[in-house]
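Notebook open, model loaded. I'm jotting down what I look up as I go.

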Amino acid sequence: MDLLSYQDTPLHKIDPRAKLITALFFILTVVSFGKYEISMLVPFIFFPVYLLTSGNIPVVYILKKILYVSPFAVMIGVFNPFFDQGVILQVGNTGIPGGWISFLSIMMRFALTVSTALALISCTGFNNICFAINRLGAPKIFAVQLLFLYRYIFVLAEEAARMVRARNLRSFDGKGKGIKTYGPMLGNLLLRTINRAERIHLAMICRGFDGNIRIMKKYKFGLRELLFVASWGSLFLLFRFVNIPQFAGNFITGLFV
Amino acid sequence: MSHHIVQAENLAYTYPDGNNALKNISFLITHGESVAIVGANGAGKSTLLMHLNGHLLPGKGSLRIGDFPLTKETVHNIRRSVGMVFQDSDDQLFMPTVYDDVAFGPLNMGLPADVVNERVKSTLETVGVLHLINRPTHRLSGGEKRSVAIATVLSMSPDILVMDEPTSNLDPKARRRLINLLKSFKHTKIIATHDLDMALDLCERTIIIRDGEVVADGKSIDILNNESLLSESNLEKPLRFQGCPVCGV
């Protein structure tokens, strides 16, 4: 995902703050619909599709990632069809219960927001998003925490994987793999993490760290950014308050009447 | 220029848990010298290095770096003149991209943006990794990480370079490239290492530490050829001084 953010499309060049604001506004409008809304969510697909195509991001790759996290969304909505059996939509002779509608609505919102978030990271880079968060007024410590989390999660994962491998190589017939060894291992991992944190802190103060992380400003919030935020923002408002699919449907059926 | 000196006088340090890591260390390293600090595991090398960047303060005796004796008050000045390269590059590269990491020190020194920009590029050029400038640091190979780690320190234009095992975990080619790179630097260099062949290549002087004390201090070529001295300190001759495995000569 990181590597995707090092491309050089016009979308990549836009100030991360503009993209972040727009994406947040997008998510806000998408989740603000009533729980049975489906048709009005459809036009919102434009935004993630725009991000993916103009950011030159492989769609299949993003779809796979969405699939990985989809169980969470399914868990949230899966009981709706059981509790909410009241028929609210009639298609031909079959009545569709409200539970299924709201379940579908949840899944659509999930797909829209997650694909947007993933596309945002792919076309901006996680570190740039952290800086955007900071420069939009979030506490510095929050942005720095996120930054370090992202930097060292790989190191931590590697360290943990090495420990697990070392244990597996010396465990036989299921002995040694039980929950019993997890306690000491986690403790050990924590101690190693603390040691590393100390070394990193030392490396930081060796280079003059005084509590502030200074970052070179690479972006400017100019006319282009303003246009980006304003045009997408007003489009989202239009999608939110005007039922475009119904309008389009009426228009098309009107042609044949 | 005589002011880039490092002088330890009867330096001693005991950890809070009672471990008497440094007992009596004295040496004088003058400007432009390149010195290898060697010794067995636990001999006190790391503790000594921790003093050189002011992370630990002398328990007894004194340490003088440049114009300043090492005290709480002078530690900031000392950190400006001493560049420390850590053994594990992952500890040293904590910023998201190579550029940000190399710019970290100069920005903290309060340099203006265009100077920082210039410095980042020129130091990356010096260590030969300018093409990595926009890469995320966690995706570099071990050799690249080491080069960038050295650049992060060089960008602060230190007078003295202190390195902890700079050749560890490098493949032979990367190791050789690093040795040649370090050779080209005019800084005062203090290198703690077990790689005695590198010490022979890079450092005209070697200090052996055993149990927190200096047991030998002199020309590398003499010290690293002294078999009895080395073996008493849990060391071995550099491979180049050892016989050929086939013919035994």
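**Entry 1: the hairpin.** How many residues lie between β1(A) and β2(A) in the hairpin they form, and which residue in the turn has a positive phi? I looked at the turn: there are two residues between the strands, and A:G92 has a positive phi of about 60°. Note to self that this is a predicted model, so my numbers come from computed coordinates.

I then checked the pairing. β1(A), residues 87–91, and β2(A), residues 94–97, run antiparallel and are joined by four bridges. I picked out A:V91, and its bridge partner in β2(A) is A:T94. Is β1(A) tucked away or in the open? I counted zero buried among its five residues, so this strand lies largely in the open.

**Entry 2: chain A overall.** I stepped back to see what surrounds the hairpin. Chain A has eleven helices and two strands. Reading from the N terminus, I get five helices, then the two strands, then six more helices. The radius of gyration is 24 Å, well over the 18 Å that the globule rule gives for 257 residues, so chain A is more spread out than a compact globule. I boxed the C-alpha atoms along the principal axes and got roughly 75 × 55 × 30 Å. Of the 257 residues, 24% count as buried. I also looked at contacts with a separation of 6 or more: 74% of them in chain A join residues 24 or more positions apart.

**Entry 3: helix α10.** I went for α10(A), residues 223–241, next. Its 19 residues reach 27 Å from first C-alpha to last, close to the 27 Å expected. Which of its residues are buried? I found A:V229, A:W232, A:F236 and A:F239. Looking down the axis, I see the buried residues within an arc of 100°, so they line one face of the helix. That fits the textbook spacing: an α-helix has 3.6 residues a turn, so residues three or four places apart point the same way.

I turned to the face away from the buried side and found exposed residues there, including A:L223, A:L226, A:S231, A:S234 and A:F241. What covers the buried residues includes α2 (16–31), α3 (46–54) and α11 (244–256) of chain A.

**Entry 4: where A meets B.** Last stop was the contact between the chains, which takes 22 residues from chain A and 26 from chain B. On the chain A side, α8 (140–169) and α9 (182–206) are the elements that give two or more residues. I noted α9(A) as giving the most, with seven residues. By type, the chain A side divides into 13 nonpolar, two polar and seven charged.

Terms used. Residues numbered from 1 in each chain as written. Chains lettered and ligands numbered in written order. Predicted model: local features only at pLDDT ≥ 70, side-chain atom pairs only at ≥ 80, totals over all residues. Expected span 1.5 Å × (residues − 1). Buried ≥ 20, exposed ≤ 12 C-beta atoms within 10 Å, placed from the backbone. Arc of directions from axis to C-beta. Contact = placed C-beta atoms within 7 Å. Pairing = 2+ DSSP bridges. Nonpolar A, V, L, I, M, F, W, Y, C, P; charged D, E, K, R; others polar. Rg over C-alpha atoms; globule rule 2.2 N^0.38 Å.
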